[in-house]
Structures are given as structure tokens and as C-alpha cells.
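Grab your viewer and work through a few exercises on the structure below. Try each task yourself before you read the solution.

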Amino acid sequence: MTFPTDPAAQAAPPPAHAGAGAAAPPPARVRSPLSDGEWHRLHPLTPVMRGGLFILVLTGIVVTNLRDRLIGLFLPAMGPDGERFDDYEGDPIDFIVANNLILVALAVVLGVLVVLLAVFWMSWRFHTFRITGDDVEVRSGVLFRTHRRAPLDRVQGVNLTRPMVARLFGMAKLEVVGAGLDSNVKLEYLSTGNAETIRGDILRLASGRQLGDAVAPGAAGMPLGRAAVATVGAGITGLIDGAEEPVAEPASVVHIPPARLIVAHLLSGSTIWLVLMVIAAILGSVFGTPWILFSLIPTIIGFGAYWFRQITRSLRYSIAPTPAGVRVTFGLFTTITETLPPGRIHAVEIRQPILWRRFGWWAIRVNRLSGRAATDTQSLQFAEVLPVGTRADVERVLGLMLPALDARWEDVADHGLWGPTGDDPYTTTPRRGRWLRPLSWRRNGFLLTPGALFLRRGFLQRALVILPLARLQSIRVSQGPVDRRLALANITGHTVVGQVNGHLGILDVGDATGIWRATADAAVAAAAGDRSHRWDAEAPGADAEESP
């Protein structure tokens, strides 16, 4: 199988040259002013985006419903004409106008706004971040201070999220994915241009490349107060001018028509459950109580909302190679762009529901460290790297996810996805255990290659699991009472927790123990020779070689 070469090698820009005979350092070696190791502040509108809109809406609801009590609390109980507000039966606004209390009411509203603005300003003033050669750090809080740090050598990816409202103001939030649970560091919010710049710096530093220093024109030696004023002014200017220009996206190697995406979601497993529930409700109403039909209305509404949410999340999908790894973008209203550096994919599953079979569609999901629990609602969304695609799409995406995979395409596609066909290289379920896999015993098998362990299973939903040996944490052989009676065993490849399951059952006990030993030895050798986690580290003496 011929996969595309390393994305970093494909998309890396050529060295730039300046002057006659003098070579300038490549642009990737220079830091941006936002990653100079100094503390910087976020976008001035960050407090509004994080909670200010909710506070304003809540304040409007309170004022609308409790304005009688609020006016009686903040304004004088006796008007200039001797009229008490408690005895007034008309509209409160008419009372304010009739008693010439407009200035007092405006002063109260202005005072509330000043307090809110002061709270927002304090929140923004004490929320800072910095990027050094080793860490990404964030400090926040006024009364209760927090300080989070993400080591760059443990970065598993960088996600750029642009909610619908934030996109109108040219803003985005950046999430640095760490290697542990709840270890992500968030920078919310930044201007879209600054977020793209910081993401590039973080990924280049995480790759092992040492970056030089750069100073922004006019920023050197600027006092902290003037820098804060300049940041606020830039934010206000951007707010007046509108959202900035869209950031250039690399060309996607896969294009999914919206019609295919909609049909694929409607033909998913949830549709089968809905049809079964409708049939059960109809039978129950015919042979039992007719009122059970009314329970279908909220069920159908719930399924409709689920389909709408899943479809809109998958729209505007693109996947492309970049110098820092694979870049995946998806989402209609809230656009999420995640960059997966090389060596961060721990498992890959290519699956095909039975309703997709006649169309030849497949989906791909991966296991990677996401900093979220497996029960998080967004864990499945970030696991899907190909919502629905053809055989050619599968080959392209698999080449991006596992560029160093040493396997023939026939083992992956003909035997792994559609197989078995012809001379099957997979070791499958023995004859004595076929009754335990009556439909899928021909597909239930494994194959060990120099770079990965392939697990093939499923009949109603075909699946092929690929476990890269360099990322395999352990492998287990297990037996139940029936397995011991029939001399069968099960194997499980352990990776980071995710949506991909590395379990395969009902194998001959000799085959299972043999693949257990062979996989363990191969995984140790693959991990010892793997350098993908520092994919762009400079060799000693590289600077001397490049200098004139």
C-alpha cells in the first residue's frame, strides 16, 4: 500500500533566501510576538463572550418581570407632587415621567452599567497567558487565582473553535490538548488572526524545533499600561470594522456532498431503533392501549433534534495535511478546527453500518488523547475524522492518519474492509467456535504487520480496527468458562480510552497466545524506534550547516 508521505514533508515551505549570497533563516524558526515568553492579555471582549451576554439577558428578564419592585426600591417613595409609588396603579414608566424622575432612573441604570463594566474589566485585566519554550501557561481569577500549565512536549493537539456569535466579531478560542484528563489549557477569546499565529507557534515548539525571537514593530519597550490601552483600542477598532477576513484553509483531500451527509445520518443505527420503536408502538396500540401512540410524538421530535445536531456538526467538513500535522475542520454554526500532530493517533477504526453497504460508504474514527472523559458529549465528535466517505476517501484519510503504516492496500481494503476474498491472510475463528459467531465467523480475525495489528470483525456493521504498534500500551489474552471448554481465547489491545475498541474474541487459544507474544515483542521494538512525537526536532549542528 502506498500512502502519502509525511504531511510535514509535503506541506513544509521551502527555505527563503534574501540578499546576494546570504541565506535568511526559514520563517518557521521565528517566534511571533505573542510567544515571546512574556505575559499577554486576551481579547478585550473576552468577559462579554464568556458570560457577559448571559448576564445581560438575565438582567433584562429580571427588569422586565420585577420593574415595579425595582423602581420602588431605587427611586424615592414620594414623587415631587406628593404621589406615592406604592399607591400608583399605572405603568411604572408613566410614574417616572409624570414625577420628573427620568434623570434619577438614568443615573441608576448608568450606575449598574458602570459596575458591570468594572467587573468585566477586572476579569479581563487578571486573565493572562504566556508561551515559553517549554510550556503554555494561563493565569486567571481576581479573588481566587488559578494557574494552569501545559508542557509543550505533552501537547496532543490544538483545537480552534469559532462559535457563531464569536465569528461575527472575528474572535475564536484556542484549546491546547494535554496528555491527561482535564489537562487542557484554553485561551478564550483571541482574535482569529492571533489564534492562528499562536497555534502555529505552539505546534512548531511541540515538534522540537527551537524558534528564534522576533519583536513586533513598535511594541518593544512599550509600558504595560500603554500595551493594555493598545490592546483595547485594537479590539474596539475590530469591533467597529466588523469581522476580519477568513483565515486561509489548506485544500481538503476529501469533499463530502451535503446530500450524502444527510442521507448517511438518516440511514444510521438510530434510524433502525426509531423504526423498531414505531412498529412496537403501533402493535401495542392495536393489541393493547391506543394512547401509546401519543408517546411517539416526543420520540420523533427528539430524534429530529438529534439528526439536526449531528448533521450541522458534520457540515463544512475538510481534512488536509499541514506542516504541523493533519488539520480537520467541521461545524456549520460553531466551526471547530483541530490539528492532530504526527504520532498522536493511538487507534483507528474503519466501520460500515449495514444500511451504508449498497452505497459503498465508510466512516473513520480514532483514539487520541483529547483531555476529555470518554463520557463527554464532545468525545465522539472529536473522534470522527471522516463522517462518511467512499473507498477513495478512506484511502486518503488513512494515509494522513497513519503515513508510516507498513501494509498492503489489499490487506486493508480487499481483505480487511470487504473480505475475506481469495487467499485470506487473516487468522479467523476456528470451526469449533463458529456457532458463537454464526454470522461473522468468516470476518472475525486478526493480522500482524511490521507496523500495526489489524482486527477485523462484524457482519451487520463491518469494522476494521488498526492498532499502531508504536502506540500500543499493552495486549491481553483472556478466557471465560465457555472459552476454556472449547480451547478458545480473546485478545484485547489496550490504547488510550476512546471510541475505538481493540477487542477481538473467539480465537483458537494457540493463535491467541501466539499473537500475544508476537505483538508484545513487535510493540517494544516499534516504540523504541519511534520519533514521531518530536517530528521536527533539529539535528545537532543544523544551524551551523544552514549558516553561510
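Four exercises follow, each with a worked solution.

This is a predicted model, where local features need pLDDT of at least 70, side-chain atom pairs count only at pLDDT 80 or more, and totals for chains, interfaces and linings use all residues. Residues are numbered from 1 along each chain as its sequence is written, and side-chain values use heavy atoms, with hydrogens and water left out.

**Exercise 1: the overview**

Work out how many helices and strands the protein has, and what share of its residues is buried.

Step 1. Helices (H or I, at least four residues) and strands (E, at least two) are DSSP runs, numbered from the N terminus. That gives 16 helices and 20 strands.

Step 2. Call a residue buried under 20% relative accessible area, exposed over 50%, and partly exposed in between (1.4 Å probe, protein chains only). Of the 548 residues in the protein, 43% are buried.

Step 3. Now take contacts (heavy atoms within 4.5 Å). Among those between residues at least 6 apart in sequence, 61% join residues at least 24 apart.

**Exercise 2: strand 16 and its partners**

Find out which strands pair with strand 16, and whether its two faces are covered or open.

Step 1. Two strands pair if DSSP finds at least two bridges between them. Strand 15 (residues 445–448) runs antiparallel to strand 16, with four bridges joining them; Leu448 stands opposite Leu453. The two make a hairpin with three residues in between.

Step 2. On to strand 17 (residues 462–468), which pairs with strand 16 over six bridges, again in the antiparallel sense. Here Leu455 sits opposite Val465. This hairpin has four residues between its strands, and Gly458 in the turn shows a positive phi of about 90°.

Step 3. Check the cover on strand 16 (residues 452–457): six of its six residues are buried. Ala452, Phe454 and Arg456 lie on one side, with Leu453, Leu455 and Arg457 on the other, and both faces are covered.

Step 4. Look at Ser440, in the loop between strand 14 (427–428) and strand 15. Ser440 is buried, with a relative accessible area of 12%. Setting aside neighbours within four places in sequence, Ser440 is in contact with Gly458 and Phe459.

**Exercise 3: the two sides of helix 9**

Decide where the buried residues of helix 9 fall around its axis.

Step 1. Do the length check first. Helix 9 (residues 269–287) has 19 residues and should span 27 Å at 1.5 Å a residue; its end C-alpha atoms are 27 Å apart, which agrees. The expected span is 1.5 Å times one less than the number of residues.

Step 2. List the buried residues of helix 9: Ser270, Thr271, Leu274, Ala281 and Ser285. Down the axis they fall within an arc of 100°, so they line one face of the helix. The arc is that of the directions from the helix axis to the C-beta atoms.

Step 3. Find what they pack against: helix 8 (258–266) and helix 10 (296–314). On the other side of helix 9, Trp273, Val286 and Phe287 are exposed.

**Exercise 4: a three-stranded sheet**

Work out which strands stand at the edges of the sheet 18-19-20.

Step 1. The three strands form an open, antiparallel sheet in the order 18-19-20. Strand 18 (474–478) and strand 20 (503–508) each have a single partner strand, so they stand at the edges with one side left without a neighbour in the sheet.

Step 2. Five bridges join strand 18 to strand 19 (residues 488–494), and Ser474 stands opposite His494.
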